[in-house]
Amino acid sequence: MPPVSTLLTTVTLDPAALALAVVAAVLYGIGLRSAHRRGVSWPLWRILCFYIFGIAAYLVLTCGFTGAYGRELRWAFTLKLALVFFVLPPLAGLGRPLSLARAALADRGRERLDAVMGSRSMRILGNAFVAPILGLAFFGTFLTPLLYTYRANGVVSGALSVAVPLLGLLLALPITEAEGFQRTSSFIMLEFVYVFIELLADAVPGIALRLNDTVLDGVTQWSAGAPSWFPSPIRDQQLAGDLLWFIAEIVDLPLIILMFVRFSRSDRREARSFDELSDEEMDALTEAHLRRRGEQASGG
């Protein structure tokens, strides 16, 4: 393992990551200012979550040790991308950037935002069925020579530094900002069951990296001048698998808790909507349901 001094003092510049961090920080700040002008006070702890656990942590990963040595070390590169995909987006999402945008925008801007978030593509991304598929598809490419391309090609690495956290945030928003992605309690319960399948799916790439006894990306030797603390290429791959496996599994536990909270709130919301119905409306709803069941039975 690297010396502690190397871990703490290594710094590099990732222009793409720095640009994304600056844009996100400025937009969030503009949102805070606009919301304050409209009389909306944003909780300090949410602001700190976004800036510290989101922006600052992202810069540490992309411009610190894992960003600098990710070009050579598989485990450092895997640690960086696994954290910015699985861990940082839910933490940054606690800052409620989507709700802040709604509070800051005028009526027309809010309608446009709702139209975008209600689009078919966002609805597809906004459920628990898609996240494990995307995660499995992306990290599954770590089992191929593409892993070397991701690390060695500056353009590809920069693109991943931007695309991976943005995709992770889109997948996390339905959990951290559930009111913006209305779901019935039955649909959330189906998601809740499906997330247990995700516990297994997320582990597949990490397990494969850990147990494979050949270097999958084809780079079997370090370049000249590599530090003495570098592990062997096969051990480097195994460490990458260990980290990916651990992170992908451990992050599912708080997400399961958040989904349970989301289900409870949705169930209470539906119960209130039924309580508010008059007797005539409830009779009409029951009659329509029975009529629909009868039509389905006769059609079958």
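Which residues does S157 touch, not counting residues up to four places away in sequence? The answer is given with the close-up of S157, one of several views of this predicted model.

**Figure 1. Overview of the protein chain in the predicted model.** The protein chain has 16 helices and zero strands. Of its 300 residues, 43% count as buried. Among contacts between residues at least 6 apart in sequence, 80% join residues at least 24 apart.

**Figure 2. Close-up of S157 in helix α11.** Helix α11 covers residues 154-176. S157 touches F77, K80 and Y150, with residues up to four places away in sequence not counted. The relative accessibility of S157 is 14%, so the residue counts as buried, the cut-off being under 20%.

**Figure 3. Spans annotated by UniProt as "transmembrane region".** The unreviewed UniProt entry places this feature at residues 12-32, 44-69, 81-103, 124-148, 154-175, 187-208 and 243-263. Two of these spans are described here. Residues 12-32 are 86% helix and 0% strand, with end C-alpha atoms 30 Å apart. Residues 81-103 are 87% helix and 0% strand, and here the end C-alpha atoms lie 31 Å apart.

**Figure 4. Close-up of R33 and A104.** R33 belongs to helix α2, which covers residues 15-37. With a relative accessible area of 56%, R33 is exposed, because exposed means over 50%. In sequence R33 and A104 are 71 residues apart, yet from C-alpha to C-alpha they are 7.9 Å apart in space. A104 is one of the buried residues of helix α6.

**Figure 5. Close-up of helix α6, residues 97-104.** This helix is mostly covered, with seven of its eight residues buried. The buried residues are P97, L98, S99, L100, R102, A103 and A104. They pack against α2, α3 (44-63), α5, α7 (107-117) and α11.

**Figure 6. Close-up of the largest nonpolar core.** The core has 49 residues. L73, W75, L81, F86, F138, F139 and F142 have the most contacts inside it. Helix α5 (residues 74-93) supplies the largest share of this core, 12 residues. Leaving out residues up to four places away in sequence, F139 touches L81, A82, F85, F86, P205 and L244.

**Figure 7. Close-up of the second largest cavity.** A search of the whole structure finds two cavities of 30 Å³ or more. The second largest holds about 30 Å³ of space. Its lining consists of F86, G135, L136, F139, A201, D202, P205 and L244. Helix α9 (residues 131-140) gives the most to this lining, with three residues. F86 and F139 of the lining are also among the core residues with the most contacts. F139 touches further lining residues, including P205 and L244.

**Figure 8. Close-up of helix α14, residues 233-250.** The helix has 18 residues, and at 1.5 Å a residue it should span 26 Å. Its end C-alpha atoms are 26 Å apart, so the expected span and the model agree. The buried residues of α14 are P233, D236, Q237, Q238, L239, A240, G241, L244, I247 and A248. L244 also lines the second largest cavity.

Terms used: Residues numbered from 1 in each chain as written. Predicted model: local features only at pLDDT ≥ 70, side-chain atom pairs only at ≥ 80, totals over all residues. Heavy atoms only, no water. Helix = DSSP H or I, 4+ residues; strand = E, 2+ residues; numbered from the N terminus. Expected span 1.5 Å × (residues − 1). Buried < 20%, exposed > 50% of the residue type's maximum accessible area, 1.4 Å probe, protein only. UniProt positions renumbered as here; feature names shortened; annotations may be inferred. Contact = heavy atoms within 4.5 Å. Core = buried A, V, L, I, M, F, W, Y, C linked by side-chain atoms within 4.5 Å. 1 Å grid on protein atoms, 1.4 Å probe; cavity = no way out; pocket = protein on both sides within 12 Å on 5 of 7 lines; lining within 4 Å. Points joined across faces, edges and corners; volume = space filled by probe spheres on them.
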